[in-house]
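Dear colleague,

I am passing on the structure we spoke of, and below it you will find my notes on what came out of the analysis. Please read them with the structure open beside you.

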Amino acid sequence: MPTVAPLDLEGHCVAAVFLDDVPHFALADGSIHRLDNGHKTMQANDGLLAAFHDAANDRLITGGEDGKVFAVKAGGEVGELASAGRKWVTSVTAGPQGAVAYASGKTAFVRFADGKIKEFAHPRSVEGLAFSPKGMRFGVARYNGATLHFPAAEGKPVELEWAGAHTGITFSPDGAFLVTTMQENALHGWKLADGKHMRMSGYPGKVKSLSWSVKGKWLASSGAPAAIVWPFASKDGPMGKAPLELGTRGNTMVTCVVCHPSQDVTAIGYEDGMVIAARFADAKEVLLRRPGKGAITSMMWDKEERRVVFGSAAGDCGVIDITA
């Protein structure tokens, strides 16, 4: 049975991540807690709204109600990267060559590693941001679709239209597909080579968590009483194919998914605080944590694939050691 080292904090956990293999928990009040030979605390934003784990640079990018964007590194280092003045920073992401993107209102900003900042205005509010894994381009989720920008070039953006409010965005690891979460209970996808649409609907709830499998053949999602895992191995993605349903429970919803770093397995967090791991090949499940307080909001595997860090909406956080 895996063992859980709990950490009981006050407030909503926005992000639970490993930085230099040390568990870090970023709360909605902007405090960042870490388990580094004891429980230590530092402060980033005054009111945290968004956080993104920048794996390439082993840092957590945060944005908040104070209009600031910070980079948090292991050992308690917090550095301000940018400021949007008095406006809230509602979305952040990190991309290639040390670039960081953040959104405030109708504007998306890209901050390059040298500190230069470029602005991208939109007719409606920018809801979600993601960089493509291939080349310097980034996507914006917006009302009625998504926009692709090429911040290092002067070309026109690419507009991908689909009616409705798009709230989050992700590129597949090979850069071939773009998928958005929607205000309605659905995902929408585009095959970028030809603009083909992919509708992924039928969810009983809103999809708030997405995670690609290691080689990008699967996309796991929350928003149902099971993890809904769409197949992306073929050139047309999941069209005409049924998703896997893993970790089905009749009485509670999946709120967070995070795929394993090297195997076709996903950790699944639920509304009641339970966490399991499920294998794609045969749907075999392992209980990682019994139900606790609050819905699971964030999880991450460590580099050695032995531990899972988790946080909940009630500040019920901790680290699961699956080898115990």
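The second largest pocket in this predicted model has a lining of 14 residues, and those that lie nearest its centre are Gln-263, Val-265, Ala-277, Arg-279 and Val-286. Its volume comes to about 240 Å³. By class, the lining is made up of 10 nonpolar, 2 polar and 2 charged residues. Strands β26 (275-279) and β27 (285-289) each supply at least two of the lining residues, and it is β26 that gives the most, with 3 residues.

Turning to the interior, the largest nonpolar core holds 22 residues, among which Phe-25, Ile-32, Leu-60, Val-72 and Val-309 touch the most other members. At least two residues of this core come from each of β2 (13-19), β3 (22-27), β8 (68-73) and β30 (316-321), and the largest share, 6 residues, is that of β2. As general background, nonpolar side chains tend to be buried together in soluble globular proteins.

You may also want to look at an open sheet of 4 strands, which follow one another in the order β10-β11-β12-β13 and pair in the antiparallel sense. Its edge strands, each of which pairs on one side only, are β10 (91-94) and β13 (117-121). On average, and with direction ignored, neighbouring strands of this sheet are turned by 20° against each other. Within the sheet, β10 is joined by 4 bridges to the antiparallel strand β11 (residues 100-104), where Ala-103 is the bridge partner of Ser-91.

Further along the chain come two hairpins that share a strand, β21. In one of them, strand β20 (residues 210-212) pairs with β21 (residues 218-221) in the antiparallel sense over 3 bridges, and Leu-210 stands opposite Ser-221 of β21. This hairpin has 5 residues between its strands, and Gly-216 takes a positive phi near 75° there.

In the other, β21 pairs with strand β22 (residues 227-231), again antiparallel, over 4 bridges, with Leu-219 standing opposite Trp-230 of β22. Between β21 and β22 there are likewise 5 residues, and in this turn Gly-223 has a positive phi of about 100°.

With best regards

How values were computed. Residues numbered from 1 in each chain as written. Predicted model: local features only at pLDDT ≥ 70, side-chain atom pairs only at ≥ 80, totals over all residues. Heavy atoms only, no water. Pairing = 2+ DSSP bridges. Core = buried A, V, L, I, M, F, W, Y, C linked by side-chain atoms within 4.5 Å. Buried < 20%, exposed > 50% of the residue type's maximum accessible area, 1.4 Å probe, protein only. Axes fitted to C-alpha atoms, helices over the stretch in contact; angles between N-to-C directions. 1 Å grid on protein atoms, 1.4 Å probe; cavity = no way out; pocket = protein on both sides within 12 Å on 5 of 7 lines; lining within 4 Å. Points joined across faces, edges and corners; volume = space filled by probe spheres on them. Nonpolar A, V, L, I, M, F, W, Y, C, P; charged D, E, K, R; others polar.
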